[in-house]
Amino acid sequence: MTAFFQNKRLVSILSLLFLAVFLSGCASGGLLDRLTGGGEEGELGGAPVFSDTGGVPYTTQLHGVEKEGLREILRGSSQLIALEERLPRSLGALRRRADEDTERLKTALKSEGYYDGAVDITVTGKSEPAMVDIVVEPGPVYTLADFDIDYGGEVPDERPALSDLGIRLEKPARAPEILGAEASLLRFLERHGHPLAKIEDRSAIINREEKTMRVRLRVAAGAEAAFGETGIEGAPDVKEDYKRALVTWEEGAIYDEEAVEATRRSFASTGLFSSIGIEKGDAVGADGKLPMNVKLSEAPPRSIGFGAKYSTSEGAGADASWEHRNLFGRNERLRASLTVSELEQSLGLLFKKPRFLEPGQELTAEATLKNRNTEAFDEQGLTAGIGIERPWRENWRLSAGVVGEYTYLKDEFSGTTFQLFGLPLTAARDTSDNALNPTEGTRLTLNVTPYAGTGSGALAFTKLSATGSAYHALDEEKRYVLAGQVRAGAILGEETDQIPANKRFYSGGGGSVRGFEYQSAGPLDAQNDPLGGRSLFEVKSELRIKATESIGVVPFVDGGSAFDSAYPDFQEKLRWAAGLGLRYFTDFGPIRLDVAVPLNKRDFDDDFQFYISIGQAF
């Protein structure tokens, strides 16, 4: 172990060089691709290669369109522009491409309400490259004068207003809005008891003198229906009563498409099914009910997972897990996990039973056997607990339980055996859009755990912590995302030296203040080993830039410290670090490389730290 830390700077530099070469190969399509071509057919190393017959290079110019939005729609509709790099074999082929574009662009104009638009395309082949000029005269935009809905024989009790369908009269008669209104109308009727509603006919009449359009829809709403008998097929290893409990509608309730989608989400959330099909009957019965049928295909109930990470301060680590998601046929989950790293070796078991006593409520039981060896303390112990978790209001989850710990802790002076019992209480709210790579939303977690037990004497203290994160995309494509996190904590009831070392707060490391060694941003002893504290404050900020579809760049600033006082003492100096990260995006989440430099380093602090893991930093 001593030899490792003495040579960790060399290990850091070699690891950085290796990762840079690896990421460079990934970003450019791979070393093998670069040697053998790796591009589209007919290319060598990404450079165009022409056949013996050659091709006609050309450039395209679009004229006559001032409005940027319309200009982009026309450019997106033009095959001349889209296929510029696919050279036509001859000028004749180029002119045929231009002829096809003429009708395509006229259709695009009409879809935006320009029914008098004209398109003229000229191909000049005397120069190289050939010149293609697209001249567009959009003409006046037609407005929507009327949008009439004829329900035919049976008029539904609930009918949407035009504004509910996204229709605005006297505005441009755009095809996407009209087609979207049709889909919205059917969804509205399906949500209000008419599951078999359909559009029977549509007519759109334009008035060239008034420059207007009138749209008329003929709709067959069908009879109002209620949910009828529900059949469930497939997934025999899942108990029938559990599958039926996942259906959110009740027989006899008025049909609502939202209930159908809620049922689909209910089945999908279990992770037990590879496909979920929900079918309506063909006709409403004499009793006014519509039979329903759920068709399921069962997914493999078992899975294994692996993970790895490395940092200069914490060394290398790996995780492995095995999970069974249908242990007794009702979505009971058993997960076994193993962690092996230079600082920690642990074996854990986690059992979860969903829908415990009532829908949405989950029973959890877990046990962990752990051995940890850090600069602050050595730990060997067993922790076991049981609790209940349930949703509360919108986006919140609450949990409460009881936990027991039997732990031997040793620092450089002495060793003590602790027996603790705790009552962990947690409230968590999550509106983020992705678990591993969020771009919008917030996360908030509040923890309160009273502890009582024995160590060198009787103990009673309460540990409190709060963590909040926020994510905001700066552009519609979400290529630039601002991310921030604040974390604070306090321990009340005992002095620092009486609190078990594994319950104190520590700051510094890959999951904390990057740039400082693990646990080192806080109180230290005479040998500069971490002591831990009774309180904590940390703040992080990142700008996540997606440079390409697979590569991201992340400049960041972290700051924070642990404190000996019961509450964060901001008169003491916080430790600050800045750095730059790379992200390689994969289907299962981003692979993260962060390099951080301490801004207010102490004499014994390293010049930099780097970290490799899966997922964003927070």
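Which loop holds Q519? Keep that in mind; the tour ends there.

This is a predicted model, so local features need pLDDT of at least 70, side-chain atom pairs count only at pLDDT 80 or more, and totals for chains, interfaces and linings use all residues. Residues are numbered from 1 along each chain as its sequence is written, and side-chain values use heavy atoms, with hydrogens and water left out. Helices (H or I, at least four residues) and strands (E, at least two) are DSSP runs, numbered from the N terminus.

**Stop 1: two helices**

Select residues 68-77, helix α4, and residues 91-111, helix α6. They pack at an angle of about 145 degrees, with axes 9 Å apart. Axes here are lines fitted to C-alpha atoms over the stretch in contact, and angles run from 0 to 180 degrees between N-to-C directions. The crossing is right-handed, meaning that the near helix is turned clockwise from the far one by less than a right angle. Now show side chains. L70, I73, L74 and S77 of α4 meet D101, R104, L105, A108 and L109 of α6. Contact means heavy atoms within 4.5 Å.

**Stop 2: a cis peptide bond**

Go to the loop between β4 (118-124) and β5 (130-137), where P129 is found. The peptide bond from E128 to P129 is cis, with omega near 5 degrees. Most peptide bonds are trans.

**Stop 3: strand β8 and its partners**

Select residues 212-220, strand β8. Two strands pair if DSSP finds at least two bridges between them. Strand β6 (residues 143-150) runs parallel to β8, joined by 7 bridges. Pick T143: its bridge partner in β8 is T212. Next, add strand β7 (residues 198-207), which pairs with β8 in the antiparallel sense over 9 bridges. Here N207 stands opposite T212. The β7 and β8 hairpin has 4 residues between its strands, and K211 takes a positive phi near 60 degrees there.

**Stop 4: helix α9**

Select residues 257-268. What caps the N-terminal end of α9? D256 does: a side-chain oxygen lies 2.9 Å from the backbone nitrogen of E258. Measure the helix end to end. Its end C-alpha atoms are 17 Å apart, which agrees with the 16 Å that its 12 residues should span at 1.5 Å a residue. The expected span is 1.5 Å times one less than the number of residues.

Color E257, A259, V260, T263, S266 and F267; these are the buried residues of α9. Buried means under 20% relative accessible area, exposed over 50%, partly exposed in between (1.4 Å probe, protein chains only). They pack against α7 (175-191), β9 (226-233), α8 (240-245), β10 (273-280) and β11 (289-298).

**Stop 5: strands β14, β15 and β16**

Select β14 (residues 333-341) and β15 (residues 344-353), an antiparallel pair with 8 bridges. They form a hairpin with 2 residues between them. L334 stands opposite F351 in β15. Add β16 (residues 362-373), which pairs with β15 in the antiparallel sense over 10 bridges. In β16, A365 stands opposite F351.

**Stop 6: two positive phi angles**

Most residues other than glycine have a negative phi. Select K478, in the loop between β22 (458-473) and β23 (480-492). K478 is not a glycine, yet its phi is positive, about 60 degrees. The residue is partly exposed, at 36% relative accessible area.

Last, select Q519. It is found in the loop between β23 and β24 (535-546). Its phi is also positive, about 70 degrees, although Q519 is not a glycine. At 4% relative accessibility, Q519 counts as buried.

Terms used. Polar contact = N/O pair within 3.5 Å; in protein donor to acceptor, adjacent residues only side chain to side chain.
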